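Visitor: I would like a close look at the cysteines in this model, and at what can be said about the parts around them in the sequence.

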Amino acid sequence: MHGAKLQVRGSSNKPPHSFFHAMTTIPQSSRKTTLIPPPTQDFAARQQTIRLYPSSNYVFATKDAQVERDVSVQARMQRLKSMYDESGMLRYVEGVFLCHEFGTPYVFLLQLPNNFFKLPGEYLDPDEEDEEGGLLRKLADRLSPENGEDQENSKSWKVLDCLAQWWRPNFEVFMYPFLPPHISRPKECKKTFLISLPEKIAFFVPSNMTFLAVPLFELYDNPARYGPQLCALPHYLSRYNFECVDKNGVVVSQFPGSAPYQQKDGESKLQA
């Protein structure tokens, strides 16, 4: 097990000054200007406020490589066909972990050696009934220590919401966010879940993969690099308001008109 460094895309030592940063406003306690805009009325009906912690709060280490089972797209499609013939429609689950840099939301992605980007996730077992439990188990297999010495590491993850589902009509690369009407036997259904992160946690990344923090503005409308599914994440996440805090728990940015983050009953103080 070795230390690893998170790669943060589109970040520097200075806060961004592009129009993307205008998504958030600085709370009164952190303002350093006398030019205060008029207050914004509440504009968060039926929206949930999610608390995000800075990427520097998280520790990253490497563990033994986890070799991908498919050497090519054709090999993967053939494996999926064999799995479908044996167990029926495949069920894939993946998790979205969020953090922030200078008040801008970032998504954690895995980059494979072939320069392929993906969310952490895996196929559920054919007889697995609990989708959320299966997702957390698969995420722990991918991002927790091999020997299980840090069981509390993954127990602090909680499934907040199902963001989307994608359908694979045939044994082809293309997936769709709807089931085509002429398809009665889809081959695969993929679900994307939003996972909450505590204030501090350690990730153990396979040595043959790179853990990236990618801002939403880089994913948006960039299918040539990230593909249509990852590019849709900014759309899915736009339903939420975000409240970003620093390493001391002080709110440094929040969406205009959003309500303060409310801790739920029975929720840990560290839980996002």
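Guide: The cysteines come first, then a surface patch, then one strand pairing. This is a predicted model, in which local features need pLDDT of at least 70 and side-chain atom pairs count only at pLDDT 80 or more, while totals for chains, interfaces and linings use all residues. Residues are numbered from 1 along each chain as its sequence is written, and side-chain values use heavy atoms, with hydrogens and water left out.

A disulfide is a covalent bond between the sulfur atoms of two cysteines. Here it is taken as a pair of cysteine sulfur atoms within 2.5 Å, and by this rule the count is zero. C162 is in no disulfide, and the nearest cysteine sulfur, that of C189, is 8.3 Å away. Seen from C189, the closest cysteine sulfur is the one in C162, and 8.3 Å is too far for a bond. C189 is buried, at 8% relative accessible area, whereas C162 is partly exposed, at 30%. Buried means under 20% relative accessible area, exposed over 50%, and partly exposed in between (1.4 Å probe, protein chains only).

The loop between β9 (158–168) and β10 (188–196) holds Y176; strands are DSSP runs of E, at least two residues, numbered from the N terminus. Y176 is partly exposed, at 31% relative accessibility.

As for the strand pairing, four of the five residues of β4 (residues 59–63) are buried, so this strand is largely enclosed by the rest of the structure. Five bridges join β4 to β11 (residues 202–206), and the two run parallel; pairing requires at least two DSSP bridges. In this pair, A61 stands opposite F204 of β11.
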